Amino acid sequence: MVDVLVIGGGNAALCAALMAREAGASVLMLEAAPREWRGGNSPHVRNLRCMHEAPQDVLVEAYPEEEFWQDLLKVTGGKTDERLARLVIRASSTCRDWMRKHGVRFQPSLSGALHTARTNAFFMGGGKALVNAYYRSAQTLGVQVRYETPVDHIELRAGRFVAAHAGPLRFEARACVLAAGGFESNREWLREAWGRNARGEWPADNFLIRGSRFNRGTLLKHLIDSGADAIGDPTQAHMVAIDARAPHYDGGICTRIDCVSLGVVVNRDAQRFYDEGEDFWPKRYAIWGRLVAQQPGQIAWSIIDAKAVGRFMPPVFPGTQADSLPELARQLGLDEASFMHTLDAYNAACRPGTFDHTVLDDCATAGLAPAKTHWALPLDTPPFYGYALKPGVTFTYLGLKTDEHAAVHFNGVPSDNLFVAGEMMAGNVLGQGYTAGVGMSIGTAFGRIAGTSAARAAMKETAHG
Amino acid sequence: MAESRVIPIVPLSAARAEVERVLTICNACRYCEGFCAVFPAMTRRLSFPAADVDYLANLCHNCGACLHACQYAPPHEFAVNVPQAMARVRGDTYADHAWPPALGALYKRNGLVLSTALAAGLALFLVLAVIKQGSLWQPAVGGNFYAVFPHGLMVGLFAPVFLFVVFALAMAVRSFWRGVSPGAASAPAVEEAARDALRLSYLDGGHGEGCNERDDGYTLARRRFHHFTFYGFALCFAATCVATLYHYLFGWQAPYGLTSLPKLLGIVGGVSLVVGTVGLGWLNLTRHPSQGDAAQRPMDRGFILLLFLTAASGLVLMLVRTTPALPLALCVHLGSVMALFLTLPYGKFAHGVFRGAALLKWAIEKRRPHSVVMGE
């Protein structure tokens, strides 16, 4: 019998497996995906949010604990467990040497992400390079990995892990780490969670999934049904507005539409519905998915003119292009009169200011609802471009309640030998909202804790048994 | 805004269209920025016309890191394979910029060209030897090559070929350079390009651990074997140059003693070239199948083989120089050298010239202000 069974194959699972193995436990990892799709959502990640008191390798200036905590408090609106959040924040300052030891390489943040050089450490080559490095290290250390082994249920005895089942296969272990991701690619569950809106639509039917098609939440549902304590709201997720033409799964970073703050966004009725210039795009990035999800047909269009070209990250698909705004409305299939009413009102409301897309400038609208509070320039320079937007779900927040040892709880009682990490418990820290790189901070911190806890539990059992 | 261009819009070939497609995805992702110069150069552009594609394709060192790290690599439906797409375009740029243009087609039939050149080169020397001596196997001539082939004959054969090679490559790189003109080269830019070329900076993976060969693990093997090959070649070339100086400047005739400068340079260079080409050949055979362009393998392997034959036959020649095998060994060596020279402008050797030019373009370009400025 193996000491520690790790269910999942992404960042948190790998951190758990490596830590358990380093603690002396024998480790078996069960990854649902085939090798070429391994790693869950982790191949799509880019960086890690790190607390630091002074400049450190790739990080500039300082990002102290309190500032990190305040940032988290702000985006979550208080839906966070301060004790666990601070644990994650502190762990983020010391984990990089361990990551380097396992082959992860960092780089200074480069073009298009300069604002994050202070708060985030970037992986050289991105998340897939990180996942590859961890798998190589796991192999070197003797961690066994089985691909294409989706666990569908686990055997529990009085809150203790006994064995995991993947179809006809049964895997016993002394301890277990659950790190099998959220349920964003379980379309039925998303549909059920989001329900039917007042317009009679099922909003989730129009969602695109930015990450792994293997995150079906099978184990999460099974654990909740088996009495594990859950935390979070099933409709809360990292949701961004992405190009409506993005693939159904694994569109990742490149499908984001980065020009929102430089133009206006209209819905199917050609109406604006939110302040596009509220703050820098990365800071408002994770709110637009929900905003679009609340619009009729779960679709919207980002409209810019030629002045914006070259001032935002290049989109992966070309925009719809037209030489006049009425023509653009026709090409986008929007009601021309309503569209022109919206655009004329916006253009007329733009007050002269000094445009600078690199700072919160003084170009704002006056007497317009909703206002555009920065970068409000009239859209008057052809060619005009329109990009259709749909909600893109990155990961879900509903998870299992846990503590500082990463234990799964049943009726408030922590399990002796069942632990949880990554997306399956991120909701403890991240009840809503998002700030770049914090998913990796949680996954790395709790993956490492869960691996250590599981190894300790397995050793204890060996000693007793 | 992208700069306005005076370069005419050329319809993209299939290979270039694929690079354009792939780079459009890369430019929206940018996770690979730390690996090499291709990606920072890409971020200075919003579109990828043919000349820019050629430039970026030749800036690519085919290290493979971006393929293994790519979240959009096959089996993803975006099927992004930067090293392969770039390799195909490089093949096209060699052919398209070849001088004289008609000979560009030789790149497509490289294996045949190489073997023909080798056979012709060898046959030429054998025939000359037979004519001169009446026999290929004969009593030792005391290591005196000129007893087999008079010095004047060798110069008469090699000098025109060498001059043609230099001219043809210069014309090719001139044509390539005109595609994207980044501006005048400052001394620091030249210095940086030279350093990057001589150190193979972009085969270090961005983190010093090297690039990818058979899997996602990093290795410095390619960089090291390439260094052995390049510097081995350079030493052998230096040996020839020194010997030429000895001959014409000082009137010192070959053969030279074992501890003479031409001999020392030649021996060290030859051994280094053998080590390098064996290593590169092995890497070529064992590389991950999706890296690079399979259609160019005959060219890669032919060039590696010719370099190896040139070096190995030179070392053999040195070992048998006092035996009756000298004329035969000399024929094989000179035949290999002749075949190598004949194919230099239309074979894999061209990659060094084009890459050097691309590195210089990048060294110039990176010193210019960014024309694309993203907001925060």
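User: Contact means heavy atoms within 4.5 Å. How many residues of chain A are in contact with chain B?

Analyst: This is a predicted model: local features need pLDDT of at least 70 and side-chain atom pairs pLDDT 80 or more, while totals for chains, interfaces and linings use all residues. Residues are numbered from 1 along each chain as its sequence is written, chains are lettered from A and ligands numbered from 1 in written order, and side-chain values use heavy atoms, leaving out hydrogens and water. Chain B brings 36 residues to the contact. For chain A the count is 46.

User: How much area do chain A and chain B bury between them?

Analyst: Buried area is the accessible area (1.4 Å probe) lost on putting two parts together, summed over both. Carbon and sulfur atoms carry 57% of it here. A:Met124, A:Arg136 and A:Pro314 supply 15% of chain A's share, more than any other three residues. The total is about 3400 Å².

User: Which residue of chain B forms a salt bridge with A:Arg136?

Analyst: A salt bridge is a side-chain nitrogen of Lys or Arg within 4 Å of a carboxyl oxygen of Asp or Glu. The rule finds five across the interface of chain A and chain B. In this pair the closest N and O atoms are 2.6 Å apart. The partner of A:Arg136 is B:Asp216.

User: How many residues apart in sequence are the parts that A:Arg100 and A:Asp57 tie together?

Analyst: These two form a salt bridge, with closest N and O atoms 3.0 Å apart. Helices (H or I, at least four residues) and strands (E, at least two) are DSSP runs, numbered from the N terminus. A:Arg100 sits in helix 4 of chain A and A:Asp57 in the loop between strand 3 and helix 2, so the pair ties together parts whose separation is 43 residues.

User: What is the phi of A:Asp57?

Analyst: A:Asp57 is not a glycine, yet its phi is positive. The residue is in the loop between strand 3 and helix 2 of chain A. Its phi is about 25 degrees.

User: Where does A:Pro383 lie?

Analyst: A cis peptide bond joins A:Pro382 to A:Pro383, with omega about 0 degrees. A:Pro383 lies in the loop between helix 11 (336-349) and strand 16 (384-396) of chain A.

User: Where does B:Pro75 lie?

Analyst: The peptide bond from B:Pro74 to B:Pro75 is cis, with omega near 10 degrees. B:Pro75 lies in the loop between helix 4 (65-68) and helix 5 (82-96) of chain B.
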